[in-house]
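Student: Could you take me through a close look at the place where the ligand is held, and then set that part in the context of the rest of the chain?

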Amino acid sequence: MSASLTIALAKGRILDETLPLLARAGIEPNDDLNTSRKLVFSTNQPDIKLVLIRSADVPTYVQYGAADIGVAGKDVLLEHGGEGLYERVDLKIAPCRLMTAGLADRPVPRGRLRVATKYPEITRRYFLQKGQQVELIKLYGSMELAPIVGLADLIVDLVDTGNTLKANGLIPLDHIMDISSRLIVNRASLKMKNQAVKDLVQKIEQAVAVR
Ligand code: AMP
């Protein structure tokens, strides 16, 4: 009998693009994850279950072994720090760019800038490496509002089409990094459940390759 595995996923863009990959790897949930209120889902594979959590919590569940495997954006992984887990596969899904952005009709002021973001750790490192002192303002969403109401000079956020920035009178400025979703594995699970984890990682790698 093979070891049982728990996979942590988050609702939204990542889930929508991960489910087809899992299906191609032969894993299909027994319920509709998008409409169900459940948090734990069995699958057609008796030894594989899925848990549905907030995207920023996925690395934490995998770090502590509450999930053996997870799917998380590179943004979320960098912000978490990656302790206790391995990044195994670039799933090449939910691609976007992490960027700074500011108001289109106002030049970025001189001096110490206020930067609003959901990613204080990445943002701190980015400006440190540029040798620029900034004041960080941690927000949990709707970053685009911060420059409009004078809460911040700049924001650091994910940009895909650029439509959200544009709709709020903002323009993308500096490209910090490209982002995509990654398959992560708990370090202990990789040792203790080596065969089961290796088999699953390999199937998902194949699913990514044929996409
Ligand atoms: P867009 O208007 O297409 O540039 O998308 C920007 C909005 O979607 C922002 O609120 C971003 O935080 C969010 N977003 C863009 N790409 C992603 C992604 N890959 N994962 C999660 N959120 C994203």
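Tutor: A polar side-chain atom of T161 lies 2.6 Å from an oxygen atom of the ligand, and this pair is a good place to begin reading the site, with the caution that the model is a predicted one. An N or O atom in the side chain of D157 is 3.1 Å from an oxygen atom of the ligand, while N163 takes part through its backbone, where an N or O atom lies 3.5 Å from a ligand oxygen. Of the 490 Å² of accessible area that the ligand has on its own, the protein covers 76%.

The ligand sits in the largest pocket, and the residues around the ligand can be followed along the sequence: R13, A94, C96 and E144, and then D157, L158, V159, D160, T161, G162, N163 and T164. In character this shell divides into four nonpolar, four polar and four charged residues. Two elements, β9 (154-159) and α6 (163-167), each supply at least two residues of the shell, and the largest share, three residues, comes from β9.

From the shell one can move outward to some neighbours in sequence. K92 is found in the loop between β5 (85-90) and β6 (96-103), and its backbone deserves a second look, since phi of K92 is near 55°, a positive value in a residue other than glycine. Most residues other than glycine have a negative phi. K92 is also exposed, with a relative accessible area of 53%, because a residue counts as exposed when that value is over 50%.

A second backbone of this kind is that of S142, which has a positive phi of about 45° although S142 is not a glycine. S142 is placed in the loop between β8 (134-138) and α5 (145-148), and with a relative accessible area of 57% S142 is exposed as well.

The loop between β8 and α5 also holds L139, but L139 counts as buried, because its relative accessibility is 18% and the limit for buried is under 20%. The C-alpha atoms of L139 and Y119 are 8.4 Å apart, with their positions 20 residues apart along the chain.

Another loop residue to examine is S36, found between α1 and β2 (40-42). S36 counts as buried at 16% relative accessibility. The C-alpha atoms of S36 and I148, which are 112 residues apart along the chain, are separated by 37 Å.

Helix α1 (residues 13-24) contains T18, which counts as buried at 2% relative accessibility. A polar atom of the T18 side chain lies 2.7 Å from the backbone oxygen of I14.

To place these details in the whole, the secondary structure of the protein chain comes to eight helices and eleven strands. The C-alpha atoms fill a box of roughly 65 × 30 × 30 Å, taken along the principal axes, and buried residues make up 44% of the 211 residues in the chain. Returning to the ligand with that frame in mind, one can read the site as a shell of residues that includes R13 and E144, with polar contacts that include those of the D157 side chain and the T161 side chain.

Technical notes
Residues numbered from 1 in each chain as written. Predicted model: local features only at pLDDT ≥ 70, side-chain atom pairs only at ≥ 80, totals over all residues. Heavy atoms only, no water. Helix = DSSP H or I, 4+ residues; strand = E, 2+ residues; numbered from the N terminus. Buried < 20%, exposed > 50% of the residue type's maximum accessible area, 1.4 Å probe, protein only. Near = heavy atom within 4 Å. Polar contact = N/O pair within 3.5 Å; in protein donor to acceptor, adjacent residues only side chain to side chain. Areas by Shrake-Rupley, 256 points an atom, 1.4 Å probe, with all protein chains shown as cover. 1 Å grid on protein atoms, 1.4 Å probe; cavity = no way out; pocket = protein on both sides within 12 Å on 5 of 7 lines; lining within 4 Å. Sits in = over half its atoms within 2 Å of the grid points. Nonpolar A, V, L, I, M, F, W, Y, C, P; charged D, E, K, R; others polar.
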